[in-house]
Amino acid sequence: MSNILVLNATGKVSQGVVRGLAAAGHHVIAASRHPKSVTGTPSNVRQVHFSYEEPTTFDAALDGVDRVFWLSPPLVLDGATYTRPFFDRALSRVKKVVTMTAAGVETSDQIPLRQAELLVERSGVAFVHLRPTWFSDNFHTFWLGMINGTGTIALPAGDGASAFIDARDIAASAVAALTRDDIRNQAFTLTGPASHTYADAASVLARVSGRPDIRYMPISDHAFIEGAVQMGLSAQYAGMLATLFDVVRQGWAPPPTTDVRTLTGAEPITFEAYAQHYVSAWRR
């Protein structure tokens with residue numbers, strides 16, 4: 001069994017990766033800024049304090065590790081530069097790195113997340129890049145406040161469609177990429193099984209939750225950025241998100257792929273099944 005370091009271990013996807021690896025019997029080092037001693041944590045999970053801004057935390061996290069699951073820290077615009085000191089330490093010590101970046105990063109080597117991928121590739125270490133599209137989970141996390149506050153999903157996506165993916169499928173794909181020796185030096189675009197517009201998604205949420213007031217309202221980039229800043233995001237980060245929504249609006253979001261099935265052997269979770277699983281989030 002491998003010793004696998006999972007970064008951002010308290011995040012949505014990383015929590016699923018930790019659980020999946022532990023259940024398979026691997027030794028997991030769960031690294032985060034605020035490690036929690038959770039009752040019932042399996043004995044094969046070791047929680048460690050880790051911060052990219054504290055290089056003194058790197059060695060303890062990397063001790064005995066041969067594989068790493070990396071994703072850019074939340075709300076960081078340039079994850080490659082921000083995490084470079086860690087990579088400089090880690091890439092000489094580990095055998096495989098699985099990155100979680102984003103669908104479309106391969107279109108330009110100037111995109112920071114693509115630069116993180118290239119940093120790993122050029123090291124000679126075995127790699128797998130996971131590039132998920134928009135998360136289904138945004139509807140019960142980031143967009144939940146406006147859905148439950150006004151019933152409106154106000155976003156600058158126009159009539160564009162996305163093949164929303166459930167975070168559980170991303171985590172399962174990461175577990176496979178980390179543990180299967182036959183998967184190396186490859187990139188996978190992770191999507192759900194079908195594309196939906198945000199109006200489609202709103203209709204599903206309205207139906208499963210019994211809330212006919214839930215609807216989608218397309219807005220401008222300016223209105224989105226202004227609202228995001230009021231909610232606490234930096235103008236730069238909000239602008240980056242608006243750019244990503246423009247990709248959806250222009251119809252350039254990736255169509256559904258079979259990559260989740262290739263990695264996990266299972267079909268990805270449908271948006272309907274996602275909504276049914278989290279239905280209590282939108283019920284009043």
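Which residues does Asp169 touch, not counting residues up to four places away in sequence? In the predicted model examined here, Asp169 touches Val260, Glu267, Pro268 and Ile269 when residues up to four places away in sequence are not counted. The place of Asp169 is in helix 6, which comprises residues 167-179. Asp169 is buried, yet the residue has no salt bridge. The nearest side chain of opposite charge is that of Arg168, at 6.9 Å. A salt bridge requires a side-chain nitrogen of Lys or Arg within 4 Å of a carboxyl oxygen of Asp or Glu. Helix 6 is also one of the two elements that bound the loop holding Asn185, described below.

The overall architecture was considered next. The protein chain contains 11 helices and 11 strands. Its radius of gyration is 19 Å, close to the 19 Å that the globule rule gives for 284 residues, so the chain is as compact as a globular protein of that length. The C-alpha trace spans about 55 × 40 × 35 Å along its principal axes. Of the 284 residues, 49% count as buried. Among the contacts with a separation of 6 or more, 73% are accounted for by residues 24 or more positions apart. The exposed area of the protein chain is about 12900 Å², of which carbon and sulfur atoms supply 54%.

Charged residues were then examined. The protein chain carries 24 positive and 25 negative charges, and the mean positions of these two sets are 5 Å apart. The structure holds 18 salt bridges. In one of them, Arg33 pairs with Glu53, with a distance of 3.8 Å between the closest N and O atoms. Arg33 lies in the loop between strand 2 (27-32) and strand 3 (45-49), and Glu53 lies in the loop between strand 3 and helix 2 (58-62), so this pair ties together parts that are 20 residues apart in sequence. Arg33 is partly exposed, with a relative accessible area of 41%, whereas Glu53 counts as exposed at 53% relative accessibility.

A salt bridge within a helix is formed by Arg84 and Asp88, whose side chains meet at 2.9 Å, N to O. The two residues are 4 residues apart in helix 3 (residues 79-90), so about one helical turn separates Arg84 and Asp88. Arg84 is partly exposed, with a relative accessible area of 41%. Asp88 is likewise partly exposed, with a relative accessible area of 48%.

A further salt bridge joins Asp213 and Arg211, with the closest N and O atoms 2.7 Å apart. Asp213 counts as partly exposed at 31% relative accessibility, while Arg211 is buried, with a relative accessible area of 4%. Beyond these pairs, a network of salt bridges links Glu106, Asp109, Arg114, Glu117, Glu121 and Arg131.

Backbone geometry was inspected at two loop positions. Leu75 has a positive phi of about 70° although the residue is not a glycine. Leu75 is placed in the loop between strand 4 (67-71) and helix 3, the helix that also holds Arg84 and Asp88. The residue is exposed, with a relative accessible area of 56%. Asn185, which is not a glycine either, has a positive phi of about 55°. The loop that contains Asn185 runs between helix 6 (167-179) and strand 9 (186-190). Asn185 is partly exposed, with a relative accessible area of 42%.

The surroundings of Ile225 were also analysed. Ile225 is located in helix 8 (residues 221-230) and counts as partly exposed at 25% relative accessibility; the cut-off for a buried residue is under 20%. Leaving aside neighbours within four places in sequence, Ile225 is in contact with Ala235, Ala238, Gly239 and Ala242. Ile225 and Gln236 are 11 residues apart in sequence, and their C-alpha atoms are 9.0 Å apart in space.

Note on methods. Residues are numbered from 1 along each chain as its sequence is written. This is a predicted model: local features need pLDDT of at least 70, side-chain atom pairs count only at pLDDT 80 or more; totals for chains, interfaces and linings use all residues. Side-chain values use heavy atoms; hydrogens and water are left out. The radius of gyration is taken over C-alpha atoms; the globule rule is 2.2 Å times the number of residues to the power 0.38. Buried means under 20% relative accessible area, exposed over 50%, partly exposed in between (1.4 Å probe, protein chains only). Contact means heavy atoms within 4.5 Å. Accessible areas come from the Shrake-Rupley method with a 1.4 Å probe; for residues, only the protein chains shown count as cover. Lys and Arg count as positive and Asp and Glu as negative; His and the chain ends are not counted. The place of a charge is taken as NZ of Lys, CZ of Arg, CG of Asp or CD of Glu.
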